[in-house]
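Here are a few exercises to work through with the model open beside you. Try each task before you read its solution.

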Amino acid sequence: MTNPITAWIKSCMETHEGREAWMVERVSENSINSQKFADERHSPYAPHDVYRCENRTHPNFRPAFAVSGYAGQEAGNAGSFRAMRYYQSGFSKRRDEIMTEIAKSG
């Protein structure tokens, strides 16, 4: 007869293969994210010597933090060009909806 608590603990434990697969996935995801950062740093939209500007002197300096609810989506990369494109497309869709409502009622 086995102890039910021990059996429950063993059923919830990770296997070595599962942990290794999780680590491989984590390393690959981090390498992709680091390449995204490098690509965006050297993008054609960045002005010359963009890294030398002092952002803290601007009155609207608000650093953006990643939101875990958007992990894996375009909006999850806070402060990136992809996140900006995600929000701009949402804003333009909403603007178009408002314009059609105004055109129907007016």
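Two rings of Phe, Tyr or Trp (for Trp, the six-membered ring) count as a pair if their centres lie within 6.5 Å, and planes over 60 degrees apart make the pair edge-to-face. Keep in mind that this is a predicted model.

**Exercise 1. How many aromatic pairs does this rule give, and how are the rings set?**

Step 1. Apply the ring rule and the count comes to one aromatic pair. The partners are Tyr-86 and Tyr-87, with 5.1 Å from centre to centre.

Step 2. Now the angle. The planes of Tyr-86 and Tyr-87 are 80° apart, so the pair falls in the edge-to-face class, which takes angles over 60 degrees.

Step 3. Check how covered the two rings' residues are. Tyr-86 is partly exposed at 31% relative accessible area, and Tyr-87 is partly exposed too, at 34%.

**Exercise 2. Work out the overall layout: how many helices and strands are there?**

Step 1. Count the elements: the protein has three helices and zero strands. Read from the N terminus, the order is α-α-α.

Step 2. Look at burial. Of the 106 residues, 5% are buried. The protein exposes about 9,800 Å², with carbon and sulfur atoms supplying 58% of that.

Step 3. Ask how far to trust the picture. Mean pLDDT for the protein is 78, and 68% of the residues reach 70 or more. Helix 1 has the highest confidence, at 90, while helix 2 (residues 16-41) has the lowest, at a mean of 79. Where pLDDT is low, don't read the predicted coordinates in detail.

**Exercise 3. Describe helix 1: is it largely in the open or buried?**

Step 1. Helix 1 covers residues 4-12, nine residues in all, and the number buried is zero, so this helix lies largely in the open.

Step 2. Look at the start of helix 1. There, a side-chain oxygen of Asn-3 comes within 3.1 Å of the backbone nitrogen of Ile-5.

Step 3. Follow Ile-5 to the surface. Together with Trp-8, Ile-9 and Met-13, Ile-5 makes a nonpolar surface patch of about 470 Å². Ile-9 sits in helix 1 and is partly exposed, with a relative accessible area of 42%.

**Exercise 4. Find the salt bridges: how many does the structure hold, and which residues form them?**

Step 1. Start from the principle: side chains of opposite charge can pair when their charged atoms come close. The structure holds three such salt bridges.

Step 2. Take Glu-14 and Arg-19. Their closest N and O atoms are 3.3 Å apart. Glu-14 counts as exposed, at 55% relative accessibility, whereas Arg-19 is partly exposed at 44%.

Step 3. Go on to Arg-94 and Glu-97, whose closest N and O atoms are 3.2 Å apart. Arg-94 is partly exposed at 42%, and so is Glu-97 at 41%.

Step 4. Why do Arg-94 and Glu-97 sit about one helical turn apart? They are three residues apart in helix 3 (residues 81-105), which means a separation of about one turn. An α-helix has 3.6 residues a turn, so residues three or four places apart point the same way.

Step 5. Finish with Arg-95 and Asp-96, whose side chains meet in a salt bridge at 3.3 Å, N to O. Asp-96 is partly exposed, with a relative accessible area of 40%.

Note on methods. Residues are numbered from 1 along each chain as its sequence is written. Side-chain values use heavy atoms; hydrogens and water are left out. A salt bridge is a side-chain nitrogen of Lys or Arg within 4 Å of a carboxyl oxygen of Asp or Glu. Buried means under 20% relative accessible area, exposed over 50%, partly exposed in between (1.4 Å probe, protein chains only). Helices (H or I, at least four residues) and strands (E, at least two) are DSSP runs, numbered from the N terminus. A polar contact is a pair of N or O atoms within 3.5 Å; within protein, one must be able to donate a hydrogen and the other to accept it, and residues adjacent in sequence count only if both atoms are side-chain atoms. Accessible areas come from the Shrake-Rupley method with a 1.4 Å probe; for residues, only the protein chains shown count as cover. Rings of Phe, Tyr and Trp (its six-membered ring) pair if their centres lie within 6.5 Å; planes under 30 degrees apart count as stacked, over 60 as edge-to-face and the rest as tilted. Patches are made of residues with over 30% relative accessible area and no salt bridge: like charges are joined within 9 Å, nonpolar side chains (Val, Leu, Ile, Met, Phe, Trp, Tyr) within 5 Å. pLDDT is the predictor's confidence in each residue, from 0 to 100.
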